[in-house]
Amino acid sequence: MPALIVNGKKYEVDVDPETPLLWVLREQLKLTGTKYACGISVCGSCTVLLNGEPVRSCVTTLAMSANQEITTIEGLSVGKALHPIQQAWLDESVPECGYCQSGQIMTAVALLKNKPEPTDEDIDQAMSAVLCRCGTYLKVRKAIKRAVRKSKGVV
Ligand code: FES
Ligand code: FES
C-alpha cells in the first residue's frame with residue numbers, strides 16, 4: 001500500500017498509485033485546503049510542496065509523491081501560530097473570493113525559501129504561475145514584502 005508523508009504525518013492509502021495526489025489529499029485524508037480548479041496543470045490552485053518545492057497536485061500522482069515530504073496549507077501553521085506568510089496575507093487582506101489562495105500561499109512559501117529577499121520581478125515571475133481571477137497580484141506582492149520585512153525585524 002503506498003505510504004504518504006503529509007505535514008509530518010505518515011499515512012497508508014489504499015488507492016490506485018496513479019491517482020492524482022490532489023484527490024488523495026482531499027478525498028482520503030480530508031485535507032480540503034488544496035483546491036481543484038483546472039485539473040490540467042494550468043492554474044496552480046492545487047499547489048502543494050513536495051520536498052519543499054511547489055508542485056501541481058492535480059497532475060502529480062500518488063506514485064510520484066509516495067514516501068516524500070508533502071506539505072499542504074494545513075501544515076503551515078504551528079498550533080495556533082500562523083506561518084509568517086499566512087499572517088502577512090491576513091495583514092494585507094489579500095484574498096478576494098479566496099479560491100486560488102492556498103496555491104498562492106504555498107507558492108509564496110517556496111519562493112521565500114529559495115529567495116529570502118526577492119525582487120519585484122522575482123515575486124511577479126513566481127506568483128504569475130498561480131492564476132487569480134480576482135486579480136490579487138498587487139496585494140500578494142505587498143504581503144510577500146511585508147513577510148520579508150518582518151523576517152528582518154522591520155515592520
Ligand atoms: S487544478 Fe491543478 S493546476 Fe489547476
Ligand atoms: S482570490 Fe479569487 S481567484 Fe484568487
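These legends go with a set of close-up views of a predicted model.

**View 1. The open sheet, strand by strand.** Here 5 strands line up in the order E2-E1-E5-E3-E4, making an open sheet with mixed pairing. The edges belong to strand E2 (9–12) and strand E4 (53–56), each of which pairs on one side only. Ignoring direction, neighbouring strands in this sheet are turned by 40 degrees against each other on average. As a reminder of what holds such an arrangement together, strands of a sheet pair through backbone hydrogen bonds, either parallel or antiparallel.

**View 2. Strand E3 and its two partners.** Strand E3 (residues 47–50) runs antiparallel to E4, and 4 bridges join the two. Pick out valine 48 and look across to E4: its bridge partner there is valine 55. On the E5 side, E3 is again antiparallel to its partner, with 2 bridges to strand E5 (residues 69–71). Leucine 50 is a handy residue to follow here. Its bridge partner in E5 is isoleucine 70, while in E4 leucine 50 stands opposite glutamate 53.

**View 3. The E3–E4 hairpin and its asparagine.** E3 and E4 form a hairpin with 2 residues between them. One to look for in the turn is asparagine 51, with a positive phi of about 50 degrees. That is worth a second glance, because most residues other than glycine have a negative phi. How exposed or buried is asparagine 51? With 10 other C-beta atoms within 10 Å, asparagine 51 is exposed, since 12 or fewer is the cut-off for that label.

**View 4. Another asparagine with a positive phi.** Move to the loop between strand E1 (3–6) and E2, where asparagine 7 has its place. Asparagine 7 is not a glycine, yet it has a positive phi of about 50 degrees. Its surroundings hold 16 other C-beta atoms within 10 Å, so asparagine 7 is partly exposed.

**View 5. Helix H4 over the sheet.** What does H4 lie across? The answer is E3 and E4, and H4 runs at about 35 degrees to E3. For orientation, H4 covers residues 101–114, and E4 is one of the edge strands of the sheet.

**View 6. Where H4 meets H5.** The axes of helix H4 (residues 101–114) and helix H5 (residues 120–127) come within 10 Å and cross at roughly 135 degrees. That angle makes H4 oblique to H5. The crossing of H4 past H5 is right-handed. On the H4 side you'll find Gln104, Thr107, Ala108 and Leu111, and these meet Ile123, Ala126 and Met127 of H5. Sorted by class, the residues of this H4–H5 contact come out as 5 nonpolar, 2 polar and no charged.

**View 7. Where H3 packs on H4.** Helix H3 (residues 84–91) and H4 have axes 10 Å apart and pack at an angle of about 125 degrees. H3 and H4 are therefore oblique to each other. This crossing, with H3 passing H4, is right-handed. Ile85, Gln86 and Trp89 supply the H3 side of the contact, and Ile105, Ala108, Val109 and Leu112 supply the H4 side. The class tally for H3 with H4 is 6 nonpolar, 1 polar and no charged residues. Keep an eye on Ala108 when switching views: it is in the contact with H3, and Ala108 also turns up in the contact with H5.

**View 8. The other contact of H3, with H6.** The axes of H3 and H6 come within 8 Å, crossing at roughly 125 degrees. That makes H3 oblique to H6. H3 passes H6 in a right-handed crossing. From H3, the contact takes in Pro84, Ile85, Ala88, Trp89 and Asp91; from H6, Ala143, Arg146, Ala147, Lys150 and Ser151. How many charged residues does the contact of H3 with H6 have? There are 3, alongside 6 nonpolar and 1 polar. Ile85 and Trp89 of H3 take part here, and both also appear in the contact with H4.

**View 9. Arginine 133, between H5 and H6.** Arginine 133 sits in the loop between H5 and helix H6 (137–151). Arginine 133 has 11 other C-beta atoms within 10 Å, so it is exposed. Its C-alpha atom and that of aspartate 122 are separated by 21 Å, with the two residues 11 apart along the chain.

How values were computed. Residues are numbered from 1 along each chain as its sequence is written. Chains are lettered from A and ligands numbered from 1 in the order in which they are written. This is a predicted model: local features need pLDDT of at least 70, side-chain atom pairs count only at pLDDT 80 or more; totals for chains, interfaces and linings use all residues. Axes are lines fitted to C-alpha atoms, for helices over the stretch in contact, and angles run from 0 to 180 degrees between N-to-C directions. Angles under 35 degrees count as roughly parallel, over 145 as roughly antiparallel, 65 to 115 as roughly perpendicular and the rest as oblique. A crossing is left-handed if the near helix is turned anticlockwise from the far one by less than a right angle, and right-handed if clockwise. Two residues are in contact if their C-beta atoms, placed from the backbone, lie within 7 Å. Ala, Val, Leu, Ile, Met, Phe, Trp, Tyr, Cys and Pro count as nonpolar, Asp, Glu, Lys and Arg as charged, and the others, Gly among them, as polar. Two strands pair if DSSP finds at least two bridges between them. A residue is buried if 20 or more other C-beta atoms lie within 10 Å of its own, exposed if 12 or fewer, and partly exposed in between; C-beta atoms are placed from the backbone.
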